[in-house]
Amino acid sequence: MTFVRLHEVGPRDGLQNEKRVIPVAEKVALIDLLGRSGLRDIEIGSFVSPKWVPQMADTPQVMAGIAPVAGVRYAVLVPNLRGWDGFVAARVPGVVYEVAVFVAASEGFSRSNLNCSVAESVERLVPVVAAAQAAGVGLRGYISCVTDCPFDGPVAPDAVAKVAAMVRALAPMPVSLGDTIGKATPATVAAMLDAVLEIAPADQLAGHFHDTGGQALANIETALGKGLRAFDSAVAGLGGCPYAPGAPGNVATEKVLALLHGAGFQTGIDTDVIAEAAALARRMR
Ligand code: HMG
Ligand code: MG
């Protein structure tokens with residue numbers, strides 16, 4: 001049986017979008033429950049500007065509050081050196097972390113999300129990547145708007161491949177390909193992956209699908225067909241992106257598990273614990 005790795009993004013990509021101020025203790029309870037499910041990757045927060053994303057301003061308190069599970073890697077988003085310094089000050093000795101850096105395939109979304117051009121956003125990451133490598137912290141790259149941008153419209157597959165090459169030139173990190181606004185279809189995903197697979201092998205790529213258009217599972221099947229074996233998802237379909245109008249809802253972890261297990265893939269994840277976490281996540285909204 002083939003193994004598929006799920007990267008749980010609910011506590012970050014999900015909760016960053018909730019209007020309600022969610023107490024640290026509730027976030028910690030969700031993360032700790034997810035940690036007992038067999039998931040190996042859980043994204044727990046971001047070191048971004050608290051003015052831009054106030055929902056993630058308590059990431060240091062969340063990091064201090066969780067009960068780390070052996071074998072689980074806890075990921076945080078870092079946009080610049082200031083964010084890296086925040087992460088370093090907050091990290092708890094002995095816990096395995098991953099730093100996720102993020103850029104966009106479209107200029108419109110880059111401006112909206114990071115207040116700079118795509119090239120500038122990659123340039124800002126040079127010292128972050130160097131610091132992470134010197135500290136022995138694992139890296140992951142995100143590319144947003146890999147098929148459609150809320151500002152620029154359809155995104156050319158070659159533009160995504162070009163940005164993937166820029167990210168991979170920083171360091172040979174795995175790259176998550178984001179359909180930020182949930183507009184992708186199996187056809188646009190296939191065309192985009194054909195271009196990106198010229199830059200990086202399938203085992204270095206992950207699919208990150210939002211389910212706004214109801215196509216996320218079909219898009220995951222397409223990506224599985226292209227050889228991808230890593231996907232991002234959020235319990236209870238939490239989420240969206242505050243800087244991408246019309247981006248509610250990451251694909252739900254429980255739906256992805258049903259698809260994968262039904263197709264005979266192994267994930268190592270306990271669906272009962274995920275169902276419990278999804279119920280908890282629904283109560284947090
Ligand atoms: P800026 O305003 O251009 O930055 O924002 P600046 O350098 O001019 O700084 C402005 C202020 O922010 C200053 O403070 C800085 O100190 C502070 P002030 O002097 O005004 O008091 N600052 C910071 N504070 C805390 N942490 C930091 C930091 N950096 C600067 N790291 C910036 C530039 C990148 C900071 C801003 O645009 C930002 O925070 N953007 C993040 C937006 C975000 O988090 N979006 C959601 C995550 S991405 C996503 O969801 C997509 C994904 O899921 C994949 C997909 O679906 O496609 C990953
Ligand atoms: Mg997202």
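Reader: In strand β3, which residue is the bridge partner of aspartate 41?

Author: In this predicted model, strand β2 covers residues 41-46 and strand β3 covers residues 73-77. The two strands pair in the parallel sense over five bridges, and within that pairing the β3 partner of aspartate 41 is arginine 73.

Reader: Through which helix does the chain cross from β2 to β3, and what is the handedness of this crossover?

Author: After leaving β2 the chain passes through helix α3, made of residues 59-65, before it enters β3. This β-α-β crossover through α3 is right-handed.

Reader: Which residue of β1 stands opposite isoleucine 42?

Author: Strand β1, residues 5-8, runs parallel to β2 and is joined to it by two bridges. Strand β2 itself is mostly covered, with six of its six residues buried. Opposite isoleucine 42 of β2 stands glutamate 8.

Reader: Which protein donors hold the magnesium ion (ligand 2), and what spacing do they follow along the chain?

Author: The protein donors are Asp13 through OD, His208 through NE2 and His210 through NE2, and they lie 2.0 to 2.3 Å from the magnesium ion (ligand 2). Both histidine 208 and histidine 210 are buried. Along the chain, the donors follow the spacing D-x194-H-x1-H.

Reader: Why does proline 150 count as partly exposed?

Author: Proline 150 sits in the loop between β6 (148-149) and β7 (153-154). The class of partly exposed lies between the cut-offs of 20% and 50%, and proline 150 falls into it because its relative accessibility is 27%.

Technical notes. Residues are numbered from 1 along each chain as its sequence is written. Chains are lettered from A and ligands numbered from 1 in the order in which they are written. This is a predicted model: local features need pLDDT of at least 70, side-chain atom pairs count only at pLDDT 80 or more; totals for chains, interfaces and linings use all residues. Side-chain values use heavy atoms; hydrogens and water are left out. Buried means under 20% relative accessible area, exposed over 50%, partly exposed in between (1.4 Å probe, protein chains only). Helices (H or I, at least four residues) and strands (E, at least two) are DSSP runs, numbered from the N terminus. Two strands pair if DSSP finds at least two bridges between them. A crossover is right-handed if, with the strands pointing away from the viewer, the path from the first strand over the helix to the second runs clockwise. Donors are N, O and S atoms within 2.8 Å of the metal (3.2 Å for Na, K and Ca); water is not among the atoms, so sites may look incomplete.
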